[in-house]
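This report describes selected side-chain contacts and strand arrangements in one protein model. The sequence and structure are shown first, and the description follows.

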Amino acid sequence: MRGPLGAVIGRYPSSDGSDQMGSIIKHNRKCRDLVFLVIFIAFWVAMIVNSSFGFNQGNPLRLTYGLDYKGNVCGDKHANPGLRELELKYWLNPNQVYQSGLQDTQFKLADARSICLIDCPVPSEDTLNWVCDYPEGDIRLSTDDWIDRNYDYFEFLTPEMRNSSLQLQGPCYPVIFPSVNVYWSCQFIARPSNSSLKHWQQMGGVNINQDMIIDKSIHRSINSQSSVLKRYMADIGKSWPVLLVCGGIVPLFLSVIWLLLIRYFVAAMPWITVALFNILIVSVTMFYYLKAGWIGNDAISPIIGEHDPYIRVVGRELHHLRAVAVFMTFIMVVAVLTSIAVVRRILMATSVLKVAAKVIGEAQALIIFPIIPYTILAIFYMIWFSAAFHLFSSGQVVQNNCNLNCCAYDLASKQVNCDRCCGYSIRYTPHIGVAIFFHLFGCYWVTQFFIASSKTVIAGSVASYYWTRGETSGEIPFLPVFSSMKRLIRYSLGSVALGSLIVSFVESIRFMLESIRRRLKVSGTTPNNWFGKAAFHTAKFCLSCIEWTIKSVNRNAYIMIAITGKSFCKSSAVATDLIISNILRIGRVNVIGDVILFLGKLCVSLSTALFAFLMLDTHRYRSAHNKISSPLFPVLVCWGLGYVVATLFFAVVEMSIDTIILSFCQDSEEHQGTAQYAPPLLIETLNDQNEMQRLTQGPNDIP
């Protein structure tokens with residue numbers, strides 16, 4: 001049975017029965033849900049151990065650059081020889097590339113002999129160019145001299161070495177095909193240089209295969225799912241200044257501006273929010289169309305640097321952008337139609353936001369409080385992203401297990417060696433996948449934990465304001481925000497950990513089920529009969545409803561945790577009972593207020609996405625070393641970070657409304673329908689006859 005909240009957090013009679021009033025919000029509090037706080041701390045320790053594994057085993061360079069035939073990562077200054085500026089992977093033997101592209105072949109491109117270069121070689125118009133292996137043994141050249149000579153020391157070779165080179169066994173190999181830099185790999189173009197080929201034949205070189213297969217073999221490797229995923233992760237690392245500005249500074253600035261506008265221009269903000277939302281979602285969708293090549297000539301290209309304009313190379317990234325553009329079109333249409341429908345309820349939203357504006361005006365520290373969890377999360381995200389890059393690249397570099405005939409001249413042993421012709425690959429063990437999933441889940445749980453903590457602090461501050469009639473007395477701290485924060489840290493961190501864990505767990509289950517659905521769809525094993533499809537979509541809908549319900553219950557549970565100091569489960573029960581008892585009173589108001597706040601969050605996050613598009617469209621991220629493969633992932637990450645920041649700051653308004661309404665409902669129940677603790681600032685709004693009819697019955701029911 002729910003007890004009177006006034007006796008818990010308001011002014012209540014002292015133990016001797018006199019009229020002397022007791023303390024505020026400090027009555028009968030204990031540490032709650034300590035087991036889940038211990039679990040959360042243990043989870044943090046496990047995340048530190050998990051991240052240390054990534055830092056020890058990972059190398060983020062693997063996300064961008066390939067491996068040479070020695071197992072070195074191109075661009076790695078610690079390799080042997082040092083490859084600091086040698087970032088492009090080049091396959092020396094064109095016949096091996098051709099062979100790897102044949103159907104039913106045992107030869108894989110990963111076993112073809114490859115080295116790291118600064119730029120992709122091109123055939124000569126009047127002679128034959130050579131690309132020779134790393135200088136060692138009797139080749140008395142430094143790496144710098146080798147680079148200055150365009151990787152060519154053919155003139156220094158002995159007759160034996162020259163004959164081996166003419167057999168495509170090295171140490172020097174002819175440049176017959178032009179190549180272009182495609183995502184830091186030299187993509188062969190299947191149009192051999194007639195002049196170079198003629199010189200090669202005159203020198204007695206072996207036959208070189210000519211076919212489109214030589215194009216497709218490398219292109220297939222570059223566009224594999226694992227390669228694309230690595231490039232997406234590398235894009236996030238390369239665009240860290242964009243994430244810092246558009247995922248951190250811009251949403252911080254916009255969120256504070258939005259709160260100030262709510263404080264001083266509350267009547268206009270719902271209209272501004274709806275109009276701005278429509279403009280931003282159309283703008284972001286148009287940017288996706290622009291980068292997908294459906295508008296203008298600014299489509300993303302997998303080719304890095306200058307190249308022959310007649311060469312057309314298309315990567316998976318472009319297809320992904322086009323798919324997202326289509327999805328964004330659907331979202332844009334639905335969002336615009338929904339916002340038009342919401343316009344009819346704008347007046348109701350304005351009356352609800354007035355309540356929050358009044359509270360923010362009295363407790364102005366609420367506006368700047370979210371900077372505290374924002375700073376903590378910003379530090380956490382910087383460490384988390386760094387650990388994520390290392391975890392995603394923490395596979396072991398191992399030599400392939402192959403039984404092939406691919407002899408090559410070994411400069412160290414001064415002979416042709418056919419024993420070690422297998423290349424190197426990065427092997428990912430199953431425990432790395434588990435570590436990555438654990439890392440992702442940890443990020444979501446920690447984010448939910450700090451958002452929940454912020455909401456609980458705000459709810460406690462607003463409750464202090466409400467249950468003392470908005471008066472400033474000696475019993476109320478000068479800064480109720482910090483008093484509420486102290487109560488949270490001392491008593492309720494375990495309850496917050498439990499609530500955030502429930503949300504994270506349900507969201508993770510939904511994500512895994514969605515991944516399974518996509519895999520089944522790709523493999524063609526989804527149910528084809530109407531009953532199977534209906535059951536599948538019903539399960540998906542029910543899970544979404546459960547997720548929404550849990551998030552809603554959690555939010556109100558945090559209010560009751562801040563007010564009563566009870567455990568999470570008891571607070572959820574009290575909040576649910578109070579909501580059900582007053583569903584007609586608060587249901588419609590909460591829905592409209594939540595819609596406007598949700599649109600506000602989307603305005604901030606869409607603005608960050610728009611700024612991210614503009615920053616990524618500069619020369620820095622479109623060419624050379626810092627070129628990103630696609631703006632898709634950096635923009636989505638900025639969008640997500642912007643939404644998290646907006647959620648932290650908009651919780652001030654969101655929790656103010658919910659706390660005030662729940663407190664008002666409880667106050668009314670305790671005092672036979674007449675709220676006794678509502679401060680004068682709120683009575684003007686909540687006790688207005690027309691306003692009360694709108695809150696309890698809705699505008700259509702007013703006679």
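Phe253, Ile257, Leu260, Tyr264 and Phe265 together make up a nonpolar patch on the surface, with a combined accessible area of about 530 Å². The model in which this patch appears is a predicted one. Phe253 belongs to helix α9 (residues 240–264), and with a relative accessibility of 54% it counts as exposed. Tyr264, another member of the patch, also has a charged neighbour: Arg263 lies over the face of its ring, at 4.9 Å from the ring centre. A second contact of this kind involves Arg113, whose charged end sits over the ring of Tyr69, 3.7 Å from the centre.

## Aromatic pairs

The structure contains 28 aromatic pairs. A pair of aromatic rings is described by the distance of the centres and the angle of the planes. In the pair formed by Tyr90 and Phe188, the ring centres are 5.8 Å apart and the planes stand at 80°, so the arrangement is edge-to-face. Because Tyr90 lies in strand β1 (residues 88–91) and Phe188 in strand β6 (residues 185–188), this pair ties together parts that are 98 residues apart in sequence. Tyr90 and Phe188 are both buried.

Phe598 and Tyr643 form another pair, with ring centres 6.4 Å apart and planes at 70°, so this one is edge-to-face as well. It links distant parts of the chain, since Phe598 is in helix α19 (residues 583–616) and Tyr643 in helix α20 (residues 632–670), 45 residues apart. Phe598 is partly exposed at 40% relative accessibility, and Tyr643 is partly exposed at 28%.

One aromatic cluster is formed by Phe40, Phe43, Trp44, Phe380, Tyr381, Phe438, Phe441, Trp445, Phe449 and Phe450.

## Strands and loops

Strand β1, which holds Tyr90, is covered on both faces: Leu88 and Tyr90 on one side, and Lys89 and Trp91 on the other, are all buried. It runs antiparallel to strand β2 (residues 114–117), to which it is joined by four bridges. Within β2, Ile115 is the bridge partner of Tyr90.

Strand β5 shows a similar theme of burial: Ser179 and Asn181 point one way, Val180 and Val182 point the other way, and all are buried. Four bridges join β5 to β6, and the two strands run antiparallel. Phe188 of β6 is the bridge partner of Ser179. The two strands form a hairpin with two residues between them, and Tyr183 in the turn has a positive phi of about 50°. Trp184 is also found in the loop between β5 (179–182) and β6. Its phi is near 65°, a positive value in a residue other than glycine, and at 4% relative accessibility Trp184 is buried.

Lys414 likewise has a positive phi, about 60°, although it is not a glycine. This residue is located in the loop between β8 (408–410) and β9 (415–417) and is partly exposed, with a relative accessibility of 46%.

In helix α11 (residues 316–342) lies Thr329, which is partly exposed at 22% relative accessibility. The C-alpha atoms of Thr329 and Thr285 are 6.5 Å apart in space, while the two residues are 44 apart in sequence.

## Salt bridges

Side chains of opposite charge can pair when their charged atoms come close. The count of salt bridges comes to eleven, among them the three listed here.

| Salt bridge | N to O distance |
|---|---|
| Asp617 and Lys291 | 2.4 Å |
| Asp617 and Arg622 | 3.4 Å |
| Glu654 and Lys601 | 3.8 Å |

Asp617 lies in the loop between α19 and α20 and Lys291 in helix α10 (residues 269–292), so their salt bridge ties together parts that are 326 residues apart in sequence. Asp617 is partly exposed, with a relative accessible area of 23%, whereas Lys291 is buried at 6%. Arg622 is partly exposed at 40% relative accessibility. Lys291, Asp298, Asp617 and Arg622 are linked in a network of salt bridges.

The salt bridge of Glu654 with Lys601 links distant parts of the chain, with Glu654 in helix α20 and Lys601 in helix α19, 53 residues apart. Both Glu654 and Lys601 are buried.

Methods
Residues are numbered from 1 along each chain as its sequence is written. Side-chain values use heavy atoms; hydrogens and water are left out. Rings of Phe, Tyr and Trp (its six-membered ring) pair if their centres lie within 6.5 Å; planes under 30 degrees apart count as stacked, over 60 as edge-to-face and the rest as tilted. Buried means under 20% relative accessible area, exposed over 50%, partly exposed in between (1.4 Å probe, protein chains only). A charge sits over a ring if NZ of Lys or CZ of Arg is within 6 Å of the ring centre and within 35 degrees of the ring normal. Patches are made of residues with over 30% relative accessible area and no salt bridge: like charges are joined within 9 Å, nonpolar side chains (Val, Leu, Ile, Met, Phe, Trp, Tyr) within 5 Å. Accessible areas come from the Shrake-Rupley method with a 1.4 Å probe; for residues, only the protein chains shown count as cover. A salt bridge is a side-chain nitrogen of Lys or Arg within 4 Å of a carboxyl oxygen of Asp or Glu. Two strands pair if DSSP finds at least two bridges between them.
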